[in-house]
Amino acid sequence: MDQGLISVDKWGQPSQAYFLTHLHADHTQGLSRRWKKGPLFCSPITRKLFPATFPGFDLSLLRVLEIGSTSSIRLVSETSRKEILVEVTTIDANHCPGAVMYLFQGEFGSFLFTGDFRWDAESQRGQQGKDVLMNALNGRKLDFLYIDNTYCNPSFCFPPRAIAAKQVVDIIASHPLHDIIISISNLGKEDLLVHVAHALNIKIWVWPERLQTMHLLGYGDIFTKDTGLTRVRAVPRYNCTIDTLVTLNTVKGPTIGIIPSGLPWGICSKNKQKQGQRICIDKSQLADNSSSARMLHQYLYCISYSDHSCFNEIQELITILRPTRMRGIVSSSFCYVNPVRYFGQLCGTNQNNDPSSSTSTSEVKDVEVRQADSFSGWDVFHRETETSATAANLSYRSVKRRRVSQLRRERSGAKIAYTDDDN
Ligand SMILES: [Zn+2]
């Protein structure tokens, strides 16, 4: 496809049409209320959430694409100046509210951008998305796949969300006298909370800005900001720490925390006296589906509930599509692996010869999430053997630390921006 025609989740470069997959911050970097480079295509739910995310944005720039629909867009080639007809199909990404994949087809070939997605083709919603995608392709070869590679490593293996959601319900039901806190981010995991509310016939507390989002999504009756109405609270992720839980159990009464996440958390005992108790990867739990609900600490559980595809689901999609070329869209993730590393043999050509894909390949050596003394959030970093990687990791730790600090400052004020993705 010609340069300068289409941008997906990229906002700085000149383009004739811009496409937003969803509103998580790592996909909107460069967007602001002053942005006005061109028409911005998105799903109906993203359109609904957009004004609260970017107050003051020129909403006349937004173009809504219905999920499951195929639309034609006329653009002009930057090189030949000829008109190019682009057919774009919008597919439910099964990730967070409003998240979609985009399939672009035309004389230039076919390109699929998954954005963040959960494949989960066994579910009704996942099956519908698969049907839309396969019908739109109609047997045509996929030339390029840009895929969510957040968990593109065989170590990341977790069950369908329906199973994980039941585990959350079972844990809450088995603690009838406890207060419960569930860690969530600014967008995502709504289906889990709704399932918990319906299964237990309860309301769930959320913070005021999150309640506004729930109202926009049509879930207003289920959620409340009145702590007297429920014992279950959904809290920002950086508030669900061991320190917080210990304090709550000491001051307020019995409380447990639940982390819904695709990462297999454990308690790291290293430097325990110096650093306090930390949450880290427990390697013994990797690739173990049977332990998708685990007690990390006497007050804390981890459930393998993720809005991203696990390794097997990534493999399933690539096996079905067998794209000629592909590239992971998550290049700065703490668990980044180029999908070509594992699935290059499924591509129509030997993409391993493509320097743009092979040079960025890296492998997860270790992943650790630390609860440091200086703040109550989560600090995510690699623990690799290479010296150069260590320098990069330290840099990433600093960025993460600043981001958490920023979140805490904003949380004490009036607004929390969409600054984090749900893993
Ligand atoms: Zn996301």
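## Two residues with positive phi

Is R322 exposed, partly exposed or buried, going by the other C-beta atoms within 10 Å? In this predicted model, R322 comes out as partly exposed, because 14 other C-beta atoms sit within 10 Å. To find R322, look in the loop between α8 (311–321) and β19 (325–328). The backbone there has something worth a glance: phi of R322 is near 40°, which is a positive value in a residue other than glycine.

N138 is another one to click on. Its phi is near 50°, again positive in a residue that isn't glycine. You'll find N138 in the loop that runs between α2 (124–137) and β9 (144–147). N138 counts as exposed because it has 7 C-beta neighbours inside 10 Å, and the cut-off for exposed is 12 or fewer.

## Helix α3 and its buried face

Now over to α3, which covers residues 161–173, 13 residues in all. From first C-alpha to last, the helix reaches 18 Å, close to the 18 Å expected at 1.5 Å a residue.

Which residues of α3 are buried? They are R161, A164, A165, V168 and I172. Looking down the axis of α3, these buried residues fall within an arc of 100°, so they line one face of the helix.

## What covers that face

Both helix and strands help cover the buried residues of α3. Among the strands are β10 (179–184), β13 (232–236), β14 (255–260) and β18 (300–303). The cover also includes the helix α4 (190–200).

Definitions and conventions: Residues are numbered from 1 along each chain as its sequence is written. This is a predicted model: local features need pLDDT of at least 70, side-chain atom pairs count only at pLDDT 80 or more; totals for chains, interfaces and linings use all residues. Helices (H or I, at least four residues) and strands (E, at least two) are DSSP runs, numbered from the N terminus. A residue is buried if 20 or more other C-beta atoms lie within 10 Å of its own, exposed if 12 or fewer, and partly exposed in between; C-beta atoms are placed from the backbone. The expected span of a helix is 1.5 Å times one less than its number of residues. The arc is that of the directions from the helix axis to the C-beta atoms. Two residues are in contact if their C-beta atoms, placed from the backbone, lie within 7 Å.
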